[in-house]
Amino acid sequence: VEYFVPKHPDSCDFIVERLKWFNRGTETLGGVLIGEFLDWDVPSDSGSNNGSGFDASRNLMYQSGAEYNQDDSTEAFCPQESKDRFGGIALYSGGDAPKNAYALDNPTYVYTTTSPHYDPPLSYGVMYELMEVDAGYVPYSSAHPDSQFTDLSTLMTFGAYDLAEGDTTCVVKILATTKTGLGDLQASIDMANAWITNHGLECAVTACDCFPGDANNDGGANVGDAVYLIGFVFKGGDAPLPYPICSGDANGDCGANVGDAVYLIGFVFKGGDAPATCEEWRDGGGAFSGCGTIE
C-alpha cells in the first residue's frame, strides 16, 4: 500500500491510496475478491449515527452525519452542522467502477453478541457473500422512519480478479472528508481524480509491470539507476522501487547489488546488453536465469 498526501491547502481534504496485490504462488488464483471495509464514524450531534448515499458517476460511496438540531460541543468549537459532515471512499475515475458498495448498519454486521467480544452476530462468510454479488451501490435504508440514521460502516468491493503466477493487480482509491456539504465532497473527489492523473498514479491489472534495472522507477534504465543502486548498496539509501529485487536487478542474477550498477554503466556508456524485460526476468527468457515471482 502506498499513501499519497497532497500538501497544498486546496487538496488537504483527501488522501490517495494505491494498493497492489501479487500472486507469488505457482497456480492461477481465480475470482479473488478484493475490497475494503471501513467505519467512518462521521460525527453527528447525537452519538455516531450516520446516513449514507452514493454518486455512481464518481465511483463514490459516502456517509454523512445525523442532524438532530442538538448543537454539541464540536459544532460550537468549529461552527458546522452535522448534516454537512461527510466522509467517502471512491475508486479512481480512470478505472473500473466497484463491483459493489454497501452502507451496512453496525448493529447487524459488526456488534458482538457476547463478552468479551469474540463472536460476531453473523455466521462466517456473510461478508464474503456480500462481496460476491454485483450489487452496485446499496445505501442504508430502514423500514422505520425514525431509524434512517444509525451507526454505519462501508463495504466496497473493488472487483474479482484472476491472478496467474507472478501477476499483479492494482487499485487506486480516494478517501475524502468535508464539513461543508456534499457538493464540496464531490468537488474534492474531482480534484483527487485530477491529482492522480497529473501525478501519473493510475494503475490497472497487468501481467508484469516491473522494469528490471529501473531502480529509481523513473520509467527507464539509465545512469540515474546506477547512482541509485550505489546509494542503496553503500550508503543505506532507499531500496529499488517499486519491487526491490526485480527493479534493481539489471544483470539478471536475481538480486539488487553493485553488479547491477556496473551492468547499467556498461549498457549506457559501452553499448552493453540491455536489462531484461519483465517477462524475461520472471520467466527466464534471453540471457536471464529466470528469477521467478515479482517481489
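Asp 41 lies in the loop between strand 3 and strand 4, the latter spanning residues 50–55. The model in which this residue is seen is a predicted one. The phi angle of Asp 41 is positive, at about 50°, although the residue is not a glycine. Such a value deserves notice because most residues other than glycine have a negative phi. Asp 41 has a relative accessible area of 39%, so it counts as partly exposed; the class called buried requires a value under 20%, and the class called exposed a value over 50%.

A second residue may be set beside this one. Asn 59 is not a glycine, and its phi is positive, near 55°. Asn 59 is placed in the loop between strand 4 and strand 5, where strand 5 covers residues 60–65. Is Asn 59 buried or exposed? With a relative accessible area of 7%, Asn 59 is buried.

From these two loops the description may turn to the whole chain. The protein chain contains eight helices and ten strands. Of its 295 residues, 42% are buried. The chain exposes about 14,600 Å², and 54% of that area is supplied by carbon and sulfur atoms. Among the contacts of the chain with a separation of 6 or more, 70% are between residues 24 or more positions apart.

The strands may now be considered by sheet. Strand 3 belongs to an open sheet of four strands, whose order is 3-9-7-8 and whose pairing is mixed. At the edges of this sheet are strand 3, residues 29–38, and strand 8, residues 136–138, each of which pairs on one side only. From one strand to the next the twist averages 20°.

Within this sheet, strand 9 has strand 3 and strand 7 as its neighbours in the order. How many bridges join strand 3 to strand 9? There are eight, and the two strands run antiparallel. One such pairing can be located at Leu 38, whose bridge partner in strand 9 is Thr 154. Strand 7, residues 100–105, is also antiparallel to strand 9, residues 152–163, and six bridges join them. Here Tyr 102 stands opposite Leu 155 of strand 9, while Leu 104 has Ser 153 as its bridge partner in that strand. Strand 9 is mostly covered, as ten of its twelve residues are buried. In following any such strand, the reader may recall that in a regular strand the side chains alternate between the two faces of the sheet.

Strand 4 leads to the other sheet described here. This open sheet has six strands in the order 1-2-10-6-5-4, and its pairing is antiparallel. Its edge strands are strand 1, residues 2–4, and strand 4, each pairing on one side only. The twist again averages 20° from one strand to the next. Strand 2, residues 14–22, pairs with strand 10, residues 168–178, in the antiparallel sense over nine bridges. At Phe 22, the bridge partner in strand 10 is Thr 168. Helix 4 packs on this sheet and touches strand 1, strand 2, strand 4, strand 5, strand 6 (86–91) and strand 10. The direction of helix 4 makes about 145° with that of strand 10.

Helix 4 itself covers residues 182–198, and Asn 193 has its place there. The relative accessibility of Asn 193 is 7%, and the residue therefore counts as buried. Which residues does Asn 193 touch, not counting those up to four places away in sequence? They are Leu 91, Tyr 92, Ser 93 and Ile 174.

The final part of the tour concerns a pair of helices. Two packed helices are described by the angle between their axes and the distance between the axes. Helix 5, residues 223–235, and helix 7, residues 258–270, pack at an angle of about 165°, and their axes are 8 Å apart. Since angles over 145 degrees count as roughly antiparallel, helix 5 and helix 7 are therefore roughly antiparallel to each other. Helix 5 passes helix 7 in a left-handed crossing. The residues that make the contact include Val 223, Ala 226, Leu 229 and Ile 230 of helix 5, together with Val 258, Ala 261, Leu 264 and Ile 265 of helix 7. Also among them are Asp 225 of helix 5 and Asp 260 of helix 7.

Terms used
Residues are numbered from 1 along each chain as its sequence is written. This is a predicted model: local features need pLDDT of at least 70, side-chain atom pairs count only at pLDDT 80 or more; totals for chains, interfaces and linings use all residues. Side-chain values use heavy atoms; hydrogens and water are left out. Two strands pair if DSSP finds at least two bridges between them. Axes are lines fitted to C-alpha atoms, for helices over the stretch in contact, and angles run from 0 to 180 degrees between N-to-C directions. Buried means under 20% relative accessible area, exposed over 50%, partly exposed in between (1.4 Å probe, protein chains only). Contact means heavy atoms within 4.5 Å. Accessible areas come from the Shrake-Rupley method with a 1.4 Å probe; for residues, only the protein chains shown count as cover. Angles under 35 degrees count as roughly parallel, over 145 as roughly antiparallel, 65 to 115 as roughly perpendicular and the rest as oblique. A crossing is left-handed if the near helix is turned anticlockwise from the far one by less than a right angle, and right-handed if clockwise.
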